[in-house]
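Q: I am new to reading protein structures, and I would like a close look at a single part of this one. Could you take me slowly through its paired aromatic rings and what lies around them?

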Amino acid sequence: MDLSGKNTIVTGASQGIGREIATTYATAGAMVTVCARSENKLQQLQEECADLPGKIEYLAGDITEDSVRKQLLAKALDAGDFLDVLVNNAGLLGTRDSIVDYPDDVWEDVIDVNLNAMFHLTKLVLDPLLNQGSGRIINITSGVGVNGYANWGAYSVSKFGVEGLTQVLADEIKGTGVEVNAVNPGPISTEMRADAYPDEDPATIPSPKDIMDIFLYLASDKSKGNNGIRYEAQEYSLEKGLPDFKKL
């Protein structure tokens, strides 16, 4: 799928799903501005994508900081006169503890990265998107964002918040040309997944590359008109087409 001319932002792009989204978008010809805390990993990503049809620009920083979010948007707009896609991927797992034992500082860190930073960046990006009358926002959710399970703590609660934010925003921006949807990757072989399930064999579950079709689709013009939808990434492929989807 061709994303030539598309100007995109991907947060949490130093590893895992975010890194694969950035690489996939650049492979499809998009301009991709990425952000994460690790400058070394972002520089490596940029170097590895140097010969692709698209281009990677990066900003190393903490997405929970207002100044970093503003720099990220400014950097993306410097790369193109308009913004097409924001992928809110940055996230922390936190600890697998019960609520009664959950560390206060970890709780605050997870909620701040997974939900508060997403809210603030989305709000910031909405201004240019609404002014231009077009754009896509893709929020990464989780299976524990719709069903709560013991010892998933702040991560689960933050993803419930992501679901709510997506639903509220989708209703508010109807008819503006701007659309927001959520994607649940499902079980994917990433470092975060390994931390959550240390005894699981990563070879038994899909890799980030296996679920990129939904992210290509949502960044493309083919997804125009889809707003407020929760996609199960592992149920979709460009070859098979769209599955039944759940309206948020």
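A: What follows begins with the chain as a whole, moves to the aromatic rings, and ends with some residues elsewhere in the chain.

The model is a predicted one, and its protein chain holds seven helices and eight strands. A compact globule of 248 residues would have a radius of gyration near 18 Å, and the value for this chain is 17 Å, which agrees. Taken along the principal axes, the box filled by the C-alpha atoms is roughly 50 × 40 × 40 Å. Of the 248 residues, 50% count as buried, while the accessible surface of the chain comes to about 11500 Å², with 47% of that belonging to carbon and sulfur atoms. If you look at the contacts with a separation of 6 or more, 66% of them are accounted for by residues 24 or more positions apart.

Now to the rings themselves. A pair of aromatic rings is described by the distance of the centres and the angle of the planes. Rings whose centres lie within 6.5 Å are taken as a pair, and by this rule the count comes to four aromatic pairs. One of these is formed by Trp 152 and Tyr 197, whose centres are 6.0 Å apart and whose planes make an angle of 50°, so the pair is described as tilted. To see what this pair connects, find Trp 152 in the loop between strand S5 (135-140) and helix H5 (153-172), and then Tyr 197 in the loop between helix H6 (191-196) and helix H7 (212-219); because the two residues sit in these separate loops, the pair ties together parts that are 45 residues apart in sequence. The two partners can also be described by their accessibility: Trp 152 counts as buried because its relative accessibility is 9%, whereas Tyr 197, at 33%, counts as partly exposed.

Another tilted pair is formed by Tyr 217 and Tyr 236, with 5.4 Å from centre to centre and 45° between the planes. Tyr 217 lies in helix H7 and Tyr 236 in the loop between strand S7 (229-232) and strand S8 (246-247), so this pair ties together parts that are 19 residues apart in sequence. Both Tyr 217 and Tyr 236 are buried.

Returning to Trp 152, you can follow the ring pairs a step further, since they link Trp 152, Tyr 155 and Tyr 197 into a cluster. A charged side chain is found here too: Arg 96 lies over the face of Trp 152, at 4.1 Å from the ring centre, and Arg 96 also lies over the face of Tyr 197, at 5.8 Å from the ring centre.

The loop between S5 and H5, which holds Trp 152, is worth following a little further. Asn 151 lies in this loop and is partly exposed, with a relative accessible area of 35%. Most residues other than glycine have a negative phi. Asn 151, however, has a positive value, with phi near 70°. Ser 142 lies in the loop between S5 and H5 as well, but Ser 142 is buried, with a relative accessible area of 10%. The side chain of Ser 142 reaches the backbone nitrogen of Val 144 at 3.2 Å. Beyond its neighbours within four places in sequence, Ser 142 is in contact with Tyr 155, Lys 159, Glu 163, Asn 184 and Arg 230, and Tyr 155 is a residue you have already met as a member of the ring cluster.

In helix H5 you will find Thr 166, which counts as buried because its relative accessibility is 0%. The side chain of Thr 166 takes part in a polar contact of 2.9 Å with the side chain of Asn 139, and the side chain of Thr 166 also reaches the backbone oxygen of Val 162, at 2.8 Å.

Last comes Leu 86, which lies in strand S4 (residues 85-88) and counts as buried at 0% relative accessibility. Leaving aside its neighbours within four places in sequence, Leu 86 is in contact with several residues, including Ile 9, Leu 121, Val 125 and Ile 137. Between Leu 86 and Val 125 there are 7.9 Å from C-alpha to C-alpha, although the two are 39 residues apart in sequence.

Conventions. Residues are numbered from 1 along each chain as its sequence is written. This is a predicted model: local features need pLDDT of at least 70, side-chain atom pairs count only at pLDDT 80 or more; totals for chains, interfaces and linings use all residues. Side-chain values use heavy atoms; hydrogens and water are left out. Rings of Phe, Tyr and Trp (its six-membered ring) pair if their centres lie within 6.5 Å; planes under 30 degrees apart count as stacked, over 60 as edge-to-face and the rest as tilted. Helices (H or I, at least four residues) and strands (E, at least two) are DSSP runs, numbered from the N terminus. Buried means under 20% relative accessible area, exposed over 50%, partly exposed in between (1.4 Å probe, protein chains only). A charge sits over a ring if NZ of Lys or CZ of Arg is within 6 Å of the ring centre and within 35 degrees of the ring normal. The radius of gyration is taken over C-alpha atoms; the globule rule is 2.2 Å times the number of residues to the power 0.38. Contact means heavy atoms within 4.5 Å. Accessible areas come from the Shrake-Rupley method with a 1.4 Å probe; for residues, only the protein chains shown count as cover. A polar contact is a pair of N or O atoms within 3.5 Å; within protein, one must be able to donate a hydrogen and the other to accept it, and residues adjacent in sequence count only if both atoms are side-chain atoms.
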